[in-house]
Amino acid sequence: MSYPSFVAAGTFQNGIGALTVPQPTGIQNGDLLMLFVETANEVVTTPTGYTIAPSSPQGTGTAGAAGGTRLSVFYKIAGTSEGSVSVADSGDHQDAVILAFRNVDDLNPFNTSSGGVQATAATSLTLPSVTTSRSQCMIVNAVGTDNDLNTTANFSAWANEIGRAHV
């Protein structure tokens, strides 16, 4: 098997109601599709055909209130024909995007997982560490914040990164 690789990110969607999240371009049968949905710490209904990812969701704060955030991650293995994904209204707001990865074990796409929250405002972030138990693994870090992406810069000065997709 080849090393896992990032294929593409779909178009970022956000709103105060239900969302229609488009698939990334260039996906193939067997690719791992990961749907990331950020809310104001509100429950996201698992979209049709998807499964909740290990260690998901992670959230903090009061649901629907300032300072509340939850990141829910769902996944599926792409079939021969994939369309947009419907994400039901969670309440306050939601932001969503689908990322695609290739050369992932379709029977066991997650070797390990970890998660955590940082409940107080800070200017730095440390992600939980993970140790894989097999070779040829890719580590995907995902972070959700309660900042408005349209008006606030969220992250800068990344350290120890190999590559990233802004979502």
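Me: Before we look at K76, what does "buried" stand for?
Reply: Buried means under 20% relative accessible area, and partly exposed lies between that and over 50%, which is exposed. Keep in mind that this is a predicted model.

Me: Why is K76 called buried?
Reply: K76 has a relative accessibility of 18%. The cut-off is under 20%, so K76 counts as buried.

Me: And what makes E82 partly exposed?
Reply: Its value is 23% relative accessibility. Buried needs under 20% and exposed needs over 50%, so E82 counts as partly exposed.

Me: How do you know that K76 and E82 form a salt bridge?
Reply: Their side chains meet with N to O at 3.0 Å. The rule asks for a Lys or Arg nitrogen within 4 Å of an Asp or Glu carboxyl oxygen, so the pair qualifies.

Me: Why is the contact of D31 with R102 called a salt bridge?
Reply: The closest N and O atoms of D31 and R102 are 2.8 Å apart, and the limit is within 4 Å, so this pair fits too. D31 lies in the loop between β3 and β4 and R102 in strand β9, so the pair ties together parts that are 71 residues apart in sequence.

Me: How do you know that D31 is buried?
Reply: D31 has a relative accessible area of 2%; buried means under 20%, so D31 is buried.

Me: What makes β4 and β7 a pair of strands?
Reply: Pairing takes at least two bridges. β4 and β7 are joined in the antiparallel sense over eight bridges, so they pair. In one of these, L32 has I77 of β7 as its partner.

Terms used:
Residues numbered from 1 in each chain as written. Predicted model: local features only at pLDDT ≥ 70, side-chain atom pairs only at ≥ 80, totals over all residues. Heavy atoms only, no water. Helix = DSSP H or I, 4+ residues; strand = E, 2+ residues; numbered from the N terminus. Buried < 20%, exposed > 50% of the residue type's maximum accessible area, 1.4 Å probe, protein only.
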